[in-house]
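Hi,

I'm passing a structure on to you, as promised. Have a look at it first, and then read on for what turned up.

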Amino acid sequence: MSRTQPWHSYRQIATQTASPGQLVLMLYEGAVKFMDRALSGFDKEDPAEANETINNNILRAQQILTELNASLDLDQGGDIALHLRRIYLHVDWRLTQSNIAKEAAGIHESIARLTVLRDAWAGMLQGQNPSGAARLPSLALA
């Protein structure tokens, strides 16, 4: 048994038992984590390793953004869902530009935007009623 298997099992169980709201929070946290890892690529001495670190982690963050975007229910979510979609698309575009140019500014901007959303989402989850139902049903996931 490798050292990563217990962690993998924990993550798998956590995602299978998490509420939809908790899953969204986990996606935000994952995207920010991968963008932070992408930034670490700028500190690498070897250009190939730097480019690989930046590229791979930006692509992972973008995969999460795609999932967040796909989970929006524009019919029930109304303006909030529409604004979230615009933010996700903008962050995705900034990450693409940062990846192409290998510049950190767009990654920093993207982290800042998603951190605000993550913190707001975490606050919303903390404000849930005892039954666990979110107070913002208009953000229903598809």
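Below are some notes on the core, one helix and the loop after it. Please keep in mind that this is a predicted model.

Let's start with the core. The largest nonpolar core is made up of 28 residues, and Y28, M35, Y88, L95, I107 and L114 have the most contacts inside it. Four helices each give two or more residues to this core: α2 (20–40), α3 (47–70), α4 (74–101) and α5 (105–126). The most comes from α2, with nine residues. To see how one core residue sits, pick M35: leaving aside residues up to four places away in sequence, M35 touches A61, L95, I107, S110, I111 and L114.

Next, α4. Its N-terminal end is capped by D73, with a side-chain oxygen 3.1 Å from the backbone nitrogen of D75. This helix has 28 residues, yet its end C-alpha atoms are only 33 Å apart, whereas a straight helix at 1.5 Å a residue would reach 40 Å. There is also a kink in α4 of about 75°, centred on I80. Buried residues of α4 include G77, A81, L84, Y88 and L95, and the buried residues of this helix pack against α2, α3 and α5.

Finally, the loop between α4 and α5 holds K102. Though not a glycine, K102 has a positive phi of about 50°. Most residues other than glycine have a negative phi, so you may like to look at this one on screen. K102 counts as partly exposed because its relative accessibility is 28%.

Happy to chat whenever suits you.

Best wishes

Note on methods:
Residues are numbered from 1 along each chain as its sequence is written. This is a predicted model: local features need pLDDT of at least 70, side-chain atom pairs count only at pLDDT 80 or more; totals for chains, interfaces and linings use all residues. Side-chain values use heavy atoms; hydrogens and water are left out. A nonpolar core is a set of buried Ala, Val, Leu, Ile, Met, Phe, Trp, Tyr and Cys residues joined through side-chain atoms within 4.5 Å. Buried means under 20% relative accessible area, exposed over 50%, partly exposed in between (1.4 Å probe, protein chains only). Contact means heavy atoms within 4.5 Å. The expected span of a helix is 1.5 Å times one less than its number of residues. The bend at a residue is the angle between axes fitted to the seven residues ending there and the seven starting there. A polar contact is a pair of N or O atoms within 3.5 Å; within protein, one must be able to donate a hydrogen and the other to accept it, and residues adjacent in sequence count only if both atoms are side-chain atoms.
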